[in-house]
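Visitor: Please take one part of this model, the largest pocket, and go through it closely. What lines it, and which parts of the chain supply the lining?

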Amino acid sequence: MDWQPLLLTFKLALITTILLLIISIPIAYWLAYTKSRIKPVFETLVSMPLVLPPTVLGFYLLVAFSPANTVGSWLDEHLGLRLIFSFEGLVFASVLYSLPFMVHPIQAGFSNLASSLTEASHVLGKSKITTLFKVLLPNIKPSLLTGIVLAFAHTIGEFGVVLMIGGNMPGKTKVASIAIYDEVEALNYNAANWYSLILFAITFSILLLVYLVNGGYLKKFWK
């Protein structure tokens with residue numbers, strides 16, 4: 001069995017999760033506390049990947065970033081960056097496709113916090129940034145953990161969107177889900193089974209860990 005697709009998959013999931021955590025915290029904070037009338041529009045845009053077929057998102061990204069089109073041509077000429085059929089393209093597509101899996105848990109965490117925490121921090125003269133990092137985020141650790149794990153696990157299982165924008169290039173864009181598809185097409189069910197079994201075991205383990213941590217079972221066990 002070729003281990004390269006698995007290693008590429010976990011590399012993609014790790015980079016995507018880190019970027020999503022950085023991006024999602026300000027988005028979730030704004031969605032949790034804003035009273036803007038355009039909030040439903042932004043919530044809809046963030047949630048679209050939950051219901052949108054991944055091939056649709058992949059297709060439009062493929063068209064947008066093609067060197068034959070304006071955006072793709074500008075990126076190629078000015079930044080020397082080609083997002084289609086590249087690992088960078090997989091990262092960009094994965095960030096968009098897994099965005100709600102990180103934003104929604106963090107947004108829920110912010111929304112469930114007592115407003116007195118923020119008010120007390122402001123009364124003590126703390127800025128919004130200090131309040132966010134010193135008061136709010138430490139109090140939503142379960143939500144942060146849930147978002148991190150869901151985004152990581154969801155990225156591991158991506159297929160349609162990464163196939164559309166990344167293709168099937170060994171060592172570059174061929175992730176584990178595509179490797180499984182290739183092995184099934186070649187009637188090599190043994191290799192497909194090993195890829196699937198490894199992904200199943202890893203995703204099951206990290207999700208189980210989240211439930212154990214958030215449910216307090218580990219603390220009870222060690223006591």
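Guide: The largest pocket holds about 220 Å³ of space, in a model that is predicted. Its lining consists of 13 residues, and those closest to the centre are L45, V46, P49, L96 and L99. By class, the lining has 13 nonpolar residues, with no polar and no charged ones.

Four helices each give at least two residues to this lining: α1, α2 (39–51), α3 (54–64) and α5 (87–112). The largest share, five residues, is that of α2. Of the residues closest to the centre, L45, V46 and P49 fall within the range of α2, 39–51, while L96 and L99 fall within that of α5, 87–112.

As for how far the prediction can be trusted here, helix α1 (residues 4–33), one of the helices that supply the lining, has the highest mean pLDDT among the elements of the chain, 96. The lowest mean, 57, belongs to helix α12 (residues 217–222). Over the chain, the mean pLDDT is 90, and 96% of the residues reach 70 or more.

The setting of the pocket is a helical chain: 12 helices and zero strands make up the secondary structure. From the N terminus on, the elements therefore read as α throughout, α-α-α-α-α-α-α-α-α-α-α-α. Along the principal axes, the C-alpha atoms fill a box of roughly 65 × 55 × 30 Å.

For another part of the chain, take a helix pair. Two packed helices are described by the angle between their axes and the distance between the axes. The axes of helix α8 (residues 141–156) and helix α11 (residues 189–214) come within 10 Å and cross at roughly 170°. Because angles over 145 degrees count as roughly antiparallel, α8 is roughly antiparallel to α11. On the α8 side, the contact is made by P142, L145, T146, V149, L150, F152, A153 and I156. From α11 come L199, T203, I206, L207, V210, V213 and N214. The contact of α8 with α11 has 12 nonpolar, three polar and no charged residues. Charged residues are thus absent from this contact, and the lining of the largest pocket has none either.

How values were computed: Residues numbered from 1 in each chain as written. Predicted model: local features only at pLDDT ≥ 70, side-chain atom pairs only at ≥ 80, totals over all residues. Heavy atoms only, no water. pLDDT = per-residue confidence, 0-100. Axes fitted to C-alpha atoms, helices over the stretch in contact; angles between N-to-C directions. Parallel < 35°, antiparallel > 145°, perpendicular 65-115°, else oblique. Contact = heavy atoms within 4.5 Å. 1 Å grid on protein atoms, 1.4 Å probe; cavity = no way out; pocket = protein on both sides within 12 Å on 5 of 7 lines; lining within 4 Å. Points joined across faces, edges and corners; volume = space filled by probe spheres on them.
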